[in-house]
Amino acid sequence: MVKMDQLSYSDSKTIKQHIMLPQLPPKPETLSPLPAEKQGISADHCEIITNIPPDLPFPTLHPEYATDFFKNKYGGALPSVPMPDYIEWLPNPKIKEFLNNQRLLDGYIREIYRPEFQEIEEHINQIGVQQKEAAAKILEKYIEPETGILAVLRENESKICEYHDKLKEFDQAQIEMYESLQELSKSGILEIYQKRIHDNERECQNILKKIDKDEKLTDSQLQELLSEYGHIREKWHLNNLYVSSIRSGKIKGL
């Protein structure tokens, strides 16, 4: 049998390294603490709950909650773990087996600090209940048929579809506008007057053919056809004048 005062320095150091509370991941440094009254927690937990994201609709716990809980309760440092008296009479292999068995160490620490772990567990369960209640309220707010978030999203989706339809109408109107403006360009106006000249020539040719073929025309009918021919020919000259003026740059703005 080996007594505790007979253990080597390395054995004592090994015990000190293993018999301690497990360390949790480091807490973030960029988040601000949420007020205790907003979290719905007691004053005992107020000092150790820090670095909580603000404006959450439910209470939360940061990763080092359990470690800070023990430090807050035991004067700012993790408490030492008392060893049972009978460990002095255990052989070295049994002590090493105890130190190397993480599950056994965890169970021993939980048994030593059972009230503290029960308090932590109860508080975590309380937080879980509050989070479930908050989640139910959020879900209810989301699916409310008239003013819920889902209803608003559907209404916005309908407005977006209507907006895209208006965009299509605008694009079509823009195309028609450009086509109309194209007719007012120099080339467009020239094309219009050239077509008119062509139509005038065709009408004049039709009148001349009618006079040549119809030998039974009366003087009044012939006079009417000649008058019509002269009127169309006058239009032909005017249209040619417009085309010539446009091409020579005499008409401003074209």
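Here's a short walk through the surface patch, the aromatic pairs and the charge-over-ring contacts of this predicted model.

**Stop one: the nonpolar patch.** Select Leu139, Tyr142, Ile143, Ile149 and Leu153. You're looking at a nonpolar patch on the surface, and together these side chains offer about 450 Å² of accessible area. Now colour helix H7 (114–143) and helix H8 (149–183): these are the elements that give two or more residues to the patch. H7 has the largest share, with three residues.

Zoom in on Ile143, which sits in helix H7. Is Ile143 buried, exposed or something in between? Its relative accessibility is 48%, so Ile143 counts as partly exposed, because the exposed class begins over 50%.

**Stop two: the aromatics.** Over the whole structure, a search turns up eight aromatic pairs. Pick Phe70 and Tyr74 as one of them: the pair is stacked, with 6.3 Å centre to centre and 10 degrees between the planes. Switch on a surface and compare the two partners. Phe70 is buried, at a relative accessible area of 1%, whereas Tyr74, at 33%, counts as partly exposed.

Next, widen the selection to Tyr65, Phe69, Phe70, Tyr74, Tyr113 and Phe117, and you have one aromatic cluster.

**Stop three: charges over rings.** Jump to Tyr193 and show Arg196 as sticks. Arg196 lies over the face of Tyr193, 4.9 Å from the ring centre. Then move along to Trp236, where the charged end of Arg233 sits over the ring, 4.2 Å from its centre.

How values were computed
Residues are numbered from 1 along each chain as its sequence is written. This is a predicted model: local features need pLDDT of at least 70, side-chain atom pairs count only at pLDDT 80 or more; totals for chains, interfaces and linings use all residues. Side-chain values use heavy atoms; hydrogens and water are left out. Patches are made of residues with over 30% relative accessible area and no salt bridge: like charges are joined within 9 Å, nonpolar side chains (Val, Leu, Ile, Met, Phe, Trp, Tyr) within 5 Å. Accessible areas come from the Shrake-Rupley method with a 1.4 Å probe; for residues, only the protein chains shown count as cover. A salt bridge is a side-chain nitrogen of Lys or Arg within 4 Å of a carboxyl oxygen of Asp or Glu. Helices (H or I, at least four residues) and strands (E, at least two) are DSSP runs, numbered from the N terminus. Buried means under 20% relative accessible area, exposed over 50%, partly exposed in between (1.4 Å probe, protein chains only). Rings of Phe, Tyr and Trp (its six-membered ring) pair if their centres lie within 6.5 Å; planes under 30 degrees apart count as stacked, over 60 as edge-to-face and the rest as tilted. A charge sits over a ring if NZ of Lys or CZ of Arg is within 6 Å of the ring centre and within 35 degrees of the ring normal.
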